[in-house]
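Q: I have a structure open here and would like to talk it through with you. Could we start with what a term means and then go through the parts?

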Amino acid sequence: MSVGNLTATRPPQPWTAPTATDPVAATLRLPGSKSMTARALVLAALAGGPSTLDRPLRARDTELMAGGLRGMGAHMSISDDDRWLVRPHRLVGPAHVDVGLAGTVMRFLPPVAGLAEGRVTFDGDPQARVRPIGPLVGALRSLGVRIDSPATGSLPLAVLGTGRVSGGEVVVDASASSQLVSGLLLAAPRFDRGLVVRHEGPPVPSAPHLRMTVQMLRAAGAAVDDATPDVWAVEPGPLTGRAWAIEPDLSGAVPFFAAALVTGGEVTLQGWPRSSMQPVEQLRALLTRMGGEVTLTTAGLTVRGTGSVHGLTADLSDVSELTPVLTALAMLADSPSRLTGVGHIRGHETDRIAALATEFAALGADITEFADGLEIRPRPLRGGTFRTYADHRMAHAAAVAGLAVPGVEVDDVACTSKTMPEFPALWSGMVTGKS
């Protein structure tokens, strides 16, 4: 049985977040980047030869991605945690893709299914049915792909592929998620005429993830022109099988780095590359403003706390995944914070803005939500139950707050298996000094 099925049916697992009595001091090697692993799996399945993924992320989201591609015909060998092997094969249906609650799976694989010959159905967890996917469905239909779906263009849906997609030009409003563009781009080299994607609407969030998509496409041999803002042109052509070196997951590392700030300690993430596809410079700037010291050496990426946590005003539109943990840090700061530009995270695993406001308020926080962000005025918090809404980033936020607030009980820590099954053990080991 897959990790996805196990996670979807598991009972909630309450967990009391450990409180730190001393500064943390930890050197960690964390799992690989979810974003890189997902993109590498898709590109490998569409390539002209075999590929390997070194140190990929094994978690619910990535196993669901591998399972969806395997269901359409790609050969996946993922038994070795350190190296996965992908051998492309003709894509065919019938197949069913369980997307779980993974935005990458529900947005990256429908364009791939358009290249399959046969019917491919998609569905997932209940919350997945309200995550934004309509613009992607509309774009694929404009390219001639037959899709059966609700009128809203949401899950559940079925792609009736013919083995080819003509390609051409599409206009899409990707203001709800950059994945709506990435999903189209990743499959575009295999379209008969390639693809030009034009975004029209409010700004596309999470720009670093789009840059990662373009970089990885080019690394696989695709010709991509992104010189014009909000326009991406991909030429038709073969993709090359290759060895993908997956970086450690930066978003997954953020709660551990936050622990250094909260406790005045030091955390080093091993295996960090000199040149990264992830938004490390944006993270460095934010943590520095909040009172941290960030350095990159041959030992890894290190964050040191200085004994104080400062509030900040910041537009997080490019790094919205950091919002929950930065909100928790802001709760423990010495001045107010205002976090903006993240209205789109209302459509993530849960409405993260509303969930953060509700759960921290229940712990006594002075927090106000508005359309695209949060305002936090620090004051002492109390322990209590912190609901995650099956959202791994909510659990990370609760863990960070629990470092300084005794008695924070996370209602369902198992939701962290979405991207890091090891999180509870790694976190407890770091706090207790047994990492």
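A: Let us begin with pairing, since the strands come up repeatedly: two strands are said to pair if DSSP finds at least two bridges between them. With that in hand, strand β20 (residues 366-370) pairs with β21 in the antiparallel sense, over five bridges.

Q: Which residue stands opposite I367 in β21?
A: The residue opposite I367 in β21 is I376. The two strands β20 and β21 form a hairpin, with two residues between them.

Q: How many bridges does β21 make with β19, and in what sense do they pair?
A: Strand β21 (residues 373-377) and strand β19 (residues 337-340) are joined by three bridges and pair in the antiparallel sense. Within that pairing, L339 has L374 of β21 as its bridge partner.

Q: Before going on, how far should I trust this, and what is the average pLDDT?
A: This is a predicted model, and the pLDDT of the protein averages 94, with 97% of the residues scoring at least 70. Residues 1-9 are the stretch to read with care, as the pLDDT there is below 50, and beyond near neighbours in sequence this stretch has 11 contacts in the model.

Q: Okay, overall layout then: which domains is the protein divided into?
A: Domain 1 takes in 15-31 + 248-432, and domain 2 covers 34-245. Their C-alpha centres lie 29 Å apart, and where the domains meet, 22 residues of domain 1 are in contact with 23 residues of domain 2.

Q: Switching to helices, at what angle do α2 and α3 pack?
A: Helix α2 (residues 34-45) and helix α3 (residues 60-71) pack at an angle of about 10 degrees, and their axes are 10 Å apart. Angles under 35 degrees count as roughly parallel, and α2 and α3 are therefore roughly parallel to each other.

Q: Which residues make that contact?
A: On the α2 side the contact is made by K34, T37, A38, L41, V42 and A45, while α3 contributes D61, T62, M65, A66 and L69. Sorted by class, the contact of α2 with α3 has seven nonpolar residues, along with two polar and two charged ones.

Q: Back to sheets: in what order do β6, β7, β8 and β9 come?
A: These four strands form an open sheet in the order β6-β7-β9-β8, and the pairing is mixed. The strands at the edges are β6 (95-98) and β8 (146-148), each of which has a single partner strand, so one side of each is left without a neighbour in the sheet. From one strand to the next, the twist averages 20 degrees.

Q: And do β6 and β7 run parallel or antiparallel?
A: They run parallel, with four bridges joining β6 to strand β7 (residues 117-123). Across that pair, H96 stands opposite T121 in β7.

Q: What about the sheet with β10 in it, which order does it have?
A: That one is also an open sheet of four strands with mixed pairing, and its order is β10-β11-β13-β12. Here β10 (168-172) and β12 (224-225) stand at the edges with a single partner strand each, so one side of each is left without a neighbour in the sheet. Two bridges join β12 to strand β13 (residues 231-234), and these strands run antiparallel; V224 has V234 in β13 as its bridge partner.

Q: Now the loops, as I want to check the backbone: is the G93 to P94 peptide bond cis or trans?
A: The bond from G93 to P94 is cis, with omega near 5 degrees, and P94 is found in the loop between β5 (83-87) and β6. The peptide bond from L155 to P156 is cis as well, with omega near -5 degrees, and P156 lies in the loop between β8 and β9 (157-162).

Q: What is the phi of D230, and where does D230 sit?
A: D230 has a positive phi of about 65 degrees although this residue is not a glycine, and its place is in the loop between β12 and β13.

Technical notes: Residues are numbered from 1 along each chain as its sequence is written. This is a predicted model: local features need pLDDT of at least 70, side-chain atom pairs count only at pLDDT 80 or more; totals for chains, interfaces and linings use all residues. Side-chain values use heavy atoms; hydrogens and water are left out. Axes are lines fitted to C-alpha atoms, for helices over the stretch in contact, and angles run from 0 to 180 degrees between N-to-C directions. Angles under 35 degrees count as roughly parallel, over 145 as roughly antiparallel, 65 to 115 as roughly perpendicular and the rest as oblique. Contact means heavy atoms within 4.5 Å. Ala, Val, Leu, Ile, Met, Phe, Trp, Tyr, Cys and Pro count as nonpolar, Asp, Glu, Lys and Arg as charged, and the others, Gly among them, as polar. pLDDT is the predictor's confidence in each residue, from 0 to 100. Domain bounds come from an automatic or database domain assignment.
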